[in-house]
Amino acid sequence: MTINQVQDEIIEEFSQFDDWMDRYALLIELGNELEPIDDKYKIPQNIIEGCQSRVWLNAELDANGVVQFQAESDAILVKGIVALLLKVFSNRTPKDILDADLYFVDKIGLKEHLSPTRSNGLLAMIKQIKLYAMVFVSM
């Protein structure tokens with residue numbers, strides 16, 4: 001499945017709900033399903049700067065040339081946002097990550113329904129994912 005197909009799937013899943021409280025509930029559910037990050041990755045270097053809550057993000061380039069992300073947050077709503085980003089970007093090549101047009105965030109109305117600090121945190125997470133990809137693409 002391509003990045004755009006995954007984004008379309010997310011858009012379809014969120015479009016089933018008109019009320020934002022239901023969409024928040026879906027985000028919380030996705031966050032609860034997220035595998036916890038190994039404690040060895042909960043280090044200061046893996047904390048995303050610019051997030052209101054604590055978010056740890058680790059990335060590794062595997063033998064197949066795809067990036068494996070692990071992430072976690074201490075805030076349940078943010079954990080759901082992280083889960084969405086990992087769904088889109090994990091198991092992708094660095095080039096695919098860098099070339100991705102990340103449109104699902106706007107299409108599901110996520111940015112406009114987050115507080116300004118959470119919205120800044122979302123942008124910081126996306127930026128960090130892209131930075132990892134930039135490093136890996138040059139390897």
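The paragraphs below go through helix packing, two buried side chains, the largest pocket and one loop residue in a model that is predicted.

Two packed helices are described by the angle between their axes and the distance between the axes, and helix H2 can be taken up in this way with each of two partners. With helix H1, which covers residues 3-15, helix H2, which covers residues 20-33, has an axis that comes within 10 Å, and the two cross at roughly 130°. An angle of 65 to 115 degrees would count as roughly perpendicular and one over 145 as roughly antiparallel, and H1 and H2 are therefore oblique to each other. On the H1 side the contact is made by Glu13, Phe14 and Ser15, and on the H2 side by Arg23, Leu26, Leu27 and Leu30. Sorted by class, these residues are four nonpolar, one polar and two charged.

The second partner is helix H3, whose axis lies 7 Å from that of H2, with an angle of about 75° between them; H2 and H3 are therefore roughly perpendicular to each other. Here H2 contributes Tyr24, Leu27, Ile28, Leu30, Gly31 and Asn32, which meet Ile76, Leu77, Lys79, Gly80, Ile81, Ala83 and Leu84 of H3. The class count for this contact is nine nonpolar, three polar and one charged.

Leu27, a residue of helix H2, is listed in the contact of H2 with H1 and also in the contact of H2 with H3. How buried or exposed is Leu27? Its relative accessible area is 0%, and with buried meaning under 20%, Leu27 is therefore buried. Apart from residues up to four places away in sequence, Leu27 touches Phe14, Leu77, Gly80, Ile81, Leu84 and Leu110. Gln70 is not on that list, and its C-alpha atom is separated by 17 Å from that of Leu27, the two residues being 43 places apart along the chain.

A second buried residue is found in strand E1, residues 55-61, where Trp56 lies. Trp56 has a relative accessible area of 9%, which means that this residue, too, falls in the buried class. When neighbours within four places in sequence are left aside, Trp56 is in contact with Ile37, Tyr41, Lys42, Ile43, Asn46 and Ile47, and further along the chain with Gln70, Ala71, Glu72, Ser73 and Asp74. By contrast, Leu110, one of the residues that Leu27 touches, has its C-alpha atom 21 Å from that of Trp56, at a separation of 54 residues along the chain.

Rolling a probe the size of a water molecule over the atoms shows where empty space is left. The largest pocket holds about 190 Å³ of space, and among its 14 lining residues the closest to the centre are Glu33, Leu34, Glu35, Ala83 and Leu86. At least two lining residues come from each of H2, strand E2 (67-73) and helix H3 (76-89), and H3 gives the largest share, with four residues. By class, the lining is made up of nine nonpolar, one polar and four charged residues.

The last stop is Asn91, in the loop that runs between H3 and helix H4 (94-99). Most residues other than glycine have a negative phi. Asn91, although not a glycine, has a positive phi of about 65°. With a relative accessible area of 47%, Asn91 is partly exposed, whereas Leu27 and Trp56 are buried.

Conventions: Residues are numbered from 1 along each chain as its sequence is written. This is a predicted model: local features need pLDDT of at least 70, side-chain atom pairs count only at pLDDT 80 or more; totals for chains, interfaces and linings use all residues. Side-chain values use heavy atoms; hydrogens and water are left out. Axes are lines fitted to C-alpha atoms, for helices over the stretch in contact, and angles run from 0 to 180 degrees between N-to-C directions. Angles under 35 degrees count as roughly parallel, over 145 as roughly antiparallel, 65 to 115 as roughly perpendicular and the rest as oblique. Contact means heavy atoms within 4.5 Å. Ala, Val, Leu, Ile, Met, Phe, Trp, Tyr, Cys and Pro count as nonpolar, Asp, Glu, Lys and Arg as charged, and the others, Gly among them, as polar. On a 1 Å grid over the protein atoms alone, a cavity is a set of points where a 1.4 Å probe fits but cannot get out, and a pocket is an open set with protein on both sides within 12 Å along at least five of seven lines; lining residues have an atom within 4 Å of a point. Grid points are joined across faces, edges and corners, and a volume is the space filled by probe spheres set on the points. Buried means under 20% relative accessible area, exposed over 50%, partly exposed in between (1.4 Å probe, protein chains only).
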